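Work through the exercises below with the sequence and the 3D structure at hand. Each task is followed by a solution in steps.

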Amino acid sequence: MNFRASPLAAALILSALAALPAAHDARARQTCPQVSIECPDVTGDGKELTFRAVVADADPSLSLTYDWEVSGGTITSGHGTASITVDTMGFEGQSVSARLSVGGLPEGCEGDAEACTSADHNSDLPVTRLVGSFGSTNAEADRANLDALYDALQLEPGAQGYVVVYAGRRATAGEASKRGERARRYLVDEKSLEAARLVVLDGGHRDEVTYELFVVPTGAHPPSLSPTVDPSEVEIIREERRRPARKPPASAPAPKTGGAKPNP
């Protein structure tokens, strides 16, 4: 016996089938947790700040990982966990942002978030200022960036300049110190900056070579170091040495002219 659906029933079935992919996509979207960061309202007087990850509507069975970065200060505890403590000594009165990447979420779910404190302009302490942060490309570009620190110090005669150098994850032995010494020679020997007004620090290691330049007014706290790569994870590579150019071989002496006198 053959059954034939009515036109209305057929239309309802087709409508239900068409809605299945959309319903599946909606359920997939609903399974994605929402990642955000809770942070203090303002950056205080060099005090420690706490940033906390919030992963709303996450399946308790998920095994999540937490990768943090901060724009200022040093993460003193909580690496790899849902909550970090940041020492903001040297960043008084400045805003500090935290960036978070959560791993282990369902496929297709966004796990990045960022939050920022507000600068506390009510503090009576002088404020250390970040003049610039840059990666090394070539000597000319590095010097142009160092010029910005020199110019800023000319506008504040009582302030000190700080150059903090971080070597990369792959680095030669003592690379940050050597780069810092080159920066010092440029500012002091070539730009004639007073040596007492410049402090150069080896900051450790980050993923890539990074310079940070600070102006520290009298009475302000010096900047804190904020390496992001543990020394045990650094690959020390051999420094390439330039071979001296070979001198061209000496040309053979020209034969003497003349010879036996012809017979008369």
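**Exercise 1.** How many nonpolar, polar and charged residues does the lining of the second largest pocket have?

*Solution.* Keep in mind that the model is predicted.
Step 1: Find the pocket. The second largest pocket holds about 350 Å³ of space.
Step 2: List its lining. There are 10 lining residues, and Thr172, Glu175, Arg179, Arg182 and Glu239 lie nearest the centre.
Step 3: Sort by class. The lining of the second largest pocket has one nonpolar, one polar and eight charged residues.

**Exercise 2.** Describe the lining of the largest pocket by residue, by element and by class.

*Solution.*
Step 1: The space in the largest pocket is about 620 Å³.
Step 2: The pocket is lined by 28 residues, and those closest to its centre are Trp68, Glu69, Ser226, Pro227 and Thr228.
Step 3: Two or more lining residues come from each of strand S3 (65-70), strand S4 (74-77), strand S8 (129-134) and strand S12 (210-216). The largest share, five residues, belongs to S3.
Step 4: By class, the lining of the largest pocket divides into eight nonpolar, 10 polar and 10 charged residues.

**Exercise 3.** Which cysteines form a disulfide, and what parts of the chain does the pair tie together?

*Solution.*
Step 1: Apply the cut-off: two cysteine sulfur atoms must lie within 2.5 Å. The sulfur atoms of Cys32 and Cys109 are 2.0 Å apart, so by this cut-off they form a disulfide. The structure holds one disulfide.
Step 2: Place the two ends. Cys32 is in the loop between helix H1 (7-30) and strand S1 (34-38), and Cys109 is in the loop between strand S6 (97-103) and strand S7 (112-116), so the link ties together parts that are 77 residues apart in sequence.
Step 3: Read the handedness. The angle about the S-S bond is -85°, and the link of Cys32 and Cys109 is left-handed.
Step 4: Check the surroundings. Cys32 and Cys109 are both buried.

**Exercise 4.** Why do Cys39 and Cys116 not form a bond with each other?

*Solution.*
Step 1: For Cys39, the closest cysteine sulfur is that of Cys116, at 7.3 Å, and this is too far for a bond.
Step 2: Starting from Cys116, the closest cysteine sulfur is that of Cys39, again at 7.3 Å and too far for a bond.
Step 3: Add the accessibility. Cys39 is partly exposed, with a relative accessible area of 25%. Cys116 also counts as partly exposed, at 45% relative accessibility.

**Exercise 5.** Give the strand order, the edge strands and one bridge for each of two open sheets.

*Solution.*
Step 1: One open sheet has four strands in the order S8-S12-S9-S11, with mixed pairing. S8 and strand S11 (198-205) are its edge strands, each pairing on one side only. On average, neighbouring strands of this sheet are turned by 20° against each other, direction ignored.
Step 2: Within this sheet, strand S9 (residues 160-167) pairs with S12 in the antiparallel sense over seven bridges. Opposite Gln160 stands Val216 in S12.
Step 3: Another open sheet has four strands in the order S1-S2-S5-S4, and its pairing is antiparallel. Its edge strands, S1 and S4, each pair on one side only. Here neighbouring strands are turned by 30° against each other on average, direction ignored.
Step 4: S4 pairs with strand S5 (residues 83-87) in the antiparallel sense over three bridges. The bridge partner of Ser77 in S5 is Thr85.

How values were computed. Residues numbered from 1 in each chain as written. Predicted model: local features only at pLDDT ≥ 70, side-chain atom pairs only at ≥ 80, totals over all residues. Heavy atoms only, no water. Buried < 20%, exposed > 50% of the residue type's maximum accessible area, 1.4 Å probe, protein only. 1 Å grid on protein atoms, 1.4 Å probe; cavity = no way out; pocket = protein on both sides within 12 Å on 5 of 7 lines; lining within 4 Å. Points joined across faces, edges and corners; volume = space filled by probe spheres on them. Nonpolar A, V, L, I, M, F, W, Y, C, P; charged D, E, K, R; others polar. Pairing = 2+ DSSP bridges. Axes fitted to C-alpha atoms, helices over the stretch in contact; angles between N-to-C directions.
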